[in-house]
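Visitor: Hi! I'd like to chat through this structure with you. Could you put it up, please?

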There are 2 protein chains.
Amino acid sequence: MDGMVKVPLVLLYSSIICVLYFEWCSLSSQKLYANEKDAPCVWNMTDLNLSLPTVFMITPTYARLAQKADLTRLCQTLMHVRNLHWIIVEDSDSKTPLVTRFLKRCRVKSSQLNHTTPAKSLPPKGSHNRTKNRGARQRNVALDWLRETYKPGDVTGVVYFGDDDNTYDIQLFEEMRYTNKVSIWPVGFAGGLKAEGPICENGKVISWHVAWSPGRKFPIDMAGFAVNLDIILTNNNARFDPFGEVGYLEPEFLSNLTTVEELEAKADNCTKVYVWHTQTRKPRVHNEGKVPTSIETKK
Amino acid sequence: MDGMVKVPLVLLYSSIICVLYFEWCSLSSQKLYANEKDAPCVWNMTDLNLSLPTVFMITPTYARLAQKADLTRLCQTLMHVRNLHWIIVEDSDSKTPLVTRFLKRCRVKSSQLNHTTPAKSLPPKGSHNRTKNRGARQRNVALDWLRETYKPGDVTGVVYFGDDDNTYDIQLFEEMRYTNKVSIWPVGFAGGLKAEGPICENGKVISWHVAWSPGRKFPIDMAGFAVNLDIILTNNNARFDPFGEVGYLEPEFLSNLTTVEELEAKADNCTKVYVWHTQTRKPRVHNEGKVPTSIETKK
């Protein structure tokens, strides 16, 4: 009889603790907690699965009107992805308070780095970013940081170069997560096409769907491939040439690491689009300064 | 002794069940399940809290190159919001397969409606959408749907008009959730300003930060207010005038429902920006059709 009383009581207690824990987690999640040390609970039971490879996403960013909006919606996308480490590299002399505050609120594990592009290497004012290889130096800084931080074999992971105004379907990260060497898939709105990328069969690249400069060895956009972390860690020449020709950054980078034959086809044999090269239109703020404001637009 | 053995066993069993349930939930979440009937589990313990008001988000949409990308990142934002019901109204003669398929994958409770804007009311090709009141008819269709579907008192909720290319910080939805009549806050990149909106004190609107047409009674963007569901259900004249002047749609709509004195100030007394009127640049696909493709860009 004593045992009979104890059993439902213990059950009740453990159930209550369990419900309360997840209730607390979900309530806290409304407050958008920040990095590793601030995260108040294990958000996702599968995060405990240490065998799940980590996605290291490298994102160059720079100060502009829509920066906070672009970073905010990207953060909210990445919050769905398990075991993701977001490496943000600002194009600036020092870490900006806007990005520091943003990352503190964004509930994604992150590292904030910075590196200034010399003025002469910046695209002319008002021109499209792709007229110069903006972001190359920042991606190299992140690659160096990875090589300084991890030794080969330390962590199972994959490295991905994801700009801050692209659109990512979260399925993309599950496609790239298990990459032995280099994986590849199509990118929407790249190369003047609705989607540019490899044509694949049985997990291998057999040809390319490309209109612009099809002679390139790897005619692929920055957002269209991922590299196993150990390949990055064991190849000091895994870096981008900031003086390279536009559109040839990716082919040159990949040529140092792999062959077309070795590429691992993802996204249902390269038939699905899970990432789009979207761009946010420059906001029109022609009335700014005409009226005083108390609204915080700099945070 | 018998009881001593039973207690840890029961504890172990209940713990295993609990862990397995959440493990299953989080694993399934990677697969992006769709609407109500497909949702395989309670994603969030607080969804069980029936007293949490529902956010009815009304989103007009239309076929264009970036539609799927824009809807995808918006879906991934809304997936974080508890008790949200997304009402998508397509500007088309019938429900398009692209949006139907998209909503089946998007793990947000949703309803798909449609209504065609007459050709003569569409903005001229290549012009900015705001030159005509695009979306007014679609929002009215959603408001009528709400009035047909619910009776006053049926559901505690709030109605919000959120376009598909805006950027939303998920905190916005918690700000608007408890709205007695009409709540209000600033909107980034509206009215030619970094942020346009009310100036507030002690939860009330005392003035406006506005440069364009400041004489309007409610000089506020569509994304800058929310209305209690019962106000919509009990006011058949809560609708937008598709022939109204651009920028006067919102003031006219609100004039029928409330006064400036009654407005409930949100977002830290209207000092924070949680929504931005971003726009996605029209993708450049000038090479499309020049090369055959096997990539699915129409789904």
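Visitor: Which residues line the largest cavity?
Guide: Happy to help, and keep in mind that this is a predicted model. From chain B, the lining takes in D70(B), R73(B), L74(B), T77(B), D164(B), D165(B), N166(B), T167(B) and Y168(B), and R73(A) lines the cavity too.

Visitor: Which elements give two or more residues to that lining?
Guide: Those are α2 (67–78) and β5 (167–168) of chain B. The largest share comes from α2(B), with 4 residues.

Visitor: How do the lining residues divide into nonpolar, polar and charged?
Guide: There are 5 charged, 3 polar and 2 nonpolar residues.

Visitor: And how much space lies in there?
Guide: About 70 Å³. The structure holds 3 cavities of 30 Å³ or more.

Visitor: Back to α2(B) for a second. Which strands does it lie across?
Guide: β1 and β2 of chain B, and α2(B) runs at about 165 degrees to β2(B). Helix α3 (residues 97–105) of chain B also packs on the sheet, where it touches β2 and β3 of chain B, and its direction makes about 170 degrees with that of β2(B).

Visitor: How many bridges join β1 and β2 of chain B?
Guide: 7 bridges, between residues 54–61 and residues 84–90, and the two strands run parallel. Within that pairing, F56(B) has H85(B) as its bridge partner in β2(B).

Visitor: New topic: what's the strand order in the sheet of chain B?
Guide: It goes β3-β2-β1-β4-β10-β6-β11, an open sheet of 7 strands with mixed pairing. β3 (109–114) and β11 (264–265) of chain B each have a single partner strand, so one side of each lacks a neighbour in the sheet.

Notes
Residues numbered from 1 in each chain as written. Chains lettered and ligands numbered in written order. Predicted model: local features only at pLDDT ≥ 70, side-chain atom pairs only at ≥ 80, totals over all residues. Heavy atoms only, no water. 1 Å grid on protein atoms, 1.4 Å probe; cavity = no way out; pocket = protein on both sides within 12 Å on 5 of 7 lines; lining within 4 Å. Points joined across faces, edges and corners; volume = space filled by probe spheres on them. Nonpolar A, V, L, I, M, F, W, Y, C, P; charged D, E, K, R; others polar. Pairing = 2+ DSSP bridges. Contact = heavy atoms within 4.5 Å. Axes fitted to C-alpha atoms, helices over the stretch in contact; angles between N-to-C directions.
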